[in-house]
Amino acid sequence: YLKNITRKAHLPAVTLDGRKIRVEANIELVEEVVSAKDHGAEGIGLYRTEFAYLNRERPPEEEELFLEYKELAELMAPAFVTIRSLDLGAEKLGAWMPPIEQENPALGLRGIRLCLQHREFFKTQLRAILRAGAVSRNIRLMFPLVSGMGELLQAKAVLEDAKKELRREGKAFDEAMALGVMIEVPSAVAVADDLAQEVDFFSIGTNDLIQYTLGIDRVNPHVAHLYDPLHPAVLRLIRHVVSTAHDAGIPVTICGEMAGEPLYIPLLLGLELDSLSMNPQAIPRVKNLVRRSTLEECRRFVQQTLTLTTAGHIRDTLQELVLRVF
Ligand code: PEP
Ligand code: MG
């Protein structure tokens, strides 16, 4: 059975009634492209860029970043690579960074907030990404932890600045690089209609969205049992994000851990996600589940599920459905 799944890993994931779902990989090292491809990834849905900044005495220079992103893009081409700009802060801190004293790091200086406080530093990474995009034209960029339009517009201004500099210096870059925003703070969900006017795609980071929505620290073992992707609030937020994005004509991915969990696949299909991005090992199984699903049935299931009021009830019905269908 497993052999069979692996053999079919390179075929597309299409439901029995003909809906194709793009299945992508989350990685953080260029070397992982091999595994992503072997497991049938149709693109990189999330490239976490923090690694190059950690465990060293000073931050990387533009050229080093450029070479890293260029290699990544070339290895993956013609499939696309979604590079997330730096999400340092919380638990990820470079040794070169001045220590940040904060009682609640997850609610503190992190992600785009940190980058917007150090714009020259931020611009260096954006320049490297833009330049790498010129090589095989398959890089997309997204910003993490955006809480609203103010931050998005400021980040876009830094991006425009980077482009202007590169133009002036006569350096090649991808003028038309697609830009996305991660939806992982509840306030971003509330203003998703405005955000959608400013970007080409949304990527829902459920790891953080669940943490911030439920007020449950994603790394605190004392409350780990309460961290539930099936909480009705989480599902309603996802539904709202997808319908808002589709009204605006842009696609939505989920790149949190939730997307690689087989049990949730019927739910995510019924919620009309356009693509799912996950750790490479999860891809063959998820593709296989998509192939055995019927979109119509998943939609009906979501209608029914969204009337349920507890995560426990939703989990029970989901388990029933998965047992019946798969
Ligand atoms: C997320 O928050 O769901 C996500 C994909 O980003 P990270 O896990 O790196 O915070
Ligand atoms: Mg996140």
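Helix H9 (206–214) supplies the largest share of the shell around ligand 1, 3 residues. The model is predicted: local features need pLDDT of at least 70, side-chain atom pairs count only at pLDDT 80 or more, and totals for chains, interfaces and linings use all residues. Residues are numbered from 1 along each chain as its sequence is written, and chains are lettered from A and ligands numbered from 1 in the order in which they are written. Strand E3 (44–48), like H9, provides at least two residues of the shell. Helices (H or I, at least four residues) and strands (E, at least two) are DSSP runs, numbered from the N terminus.

Leu46, Arg48, Asp87, Glu184, Gly205, Thr206, Asn207, Asp208, Cys255 and Gly256 surround ligand 1; a residue is near if its C-beta atom, placed from the backbone, lies within 6 Å. By class, 2 are nonpolar, 4 polar and 4 charged. Asp, Glu, Lys and Arg count as charged, Ala, Val, Leu, Ile, Met, Phe, Trp, Tyr, Cys and Pro as nonpolar, and the others, Gly among them, as polar.

The largest nonpolar core has 93 residues; Tyr69, Val181, Ile183, Val241 and Leu268 touch the most other members. Helix H10 (residues 232–248) gives the largest share of this core, 7 residues. Such a core joins buried Ala, Val, Leu, Ile, Met, Phe, Trp, Tyr and Cys residues through C-beta atoms within 7 Å. Buried means 20 or more other C-beta atoms within 10 Å of the residue's own, C-beta atoms being placed from the backbone.

Helix H12 (residues 283–291) is mostly covered, with 7 of its 9 residues buried.

Terms used
Buried ≥ 20, exposed ≤ 12 C-beta atoms within 10 Å, placed from the backbone.
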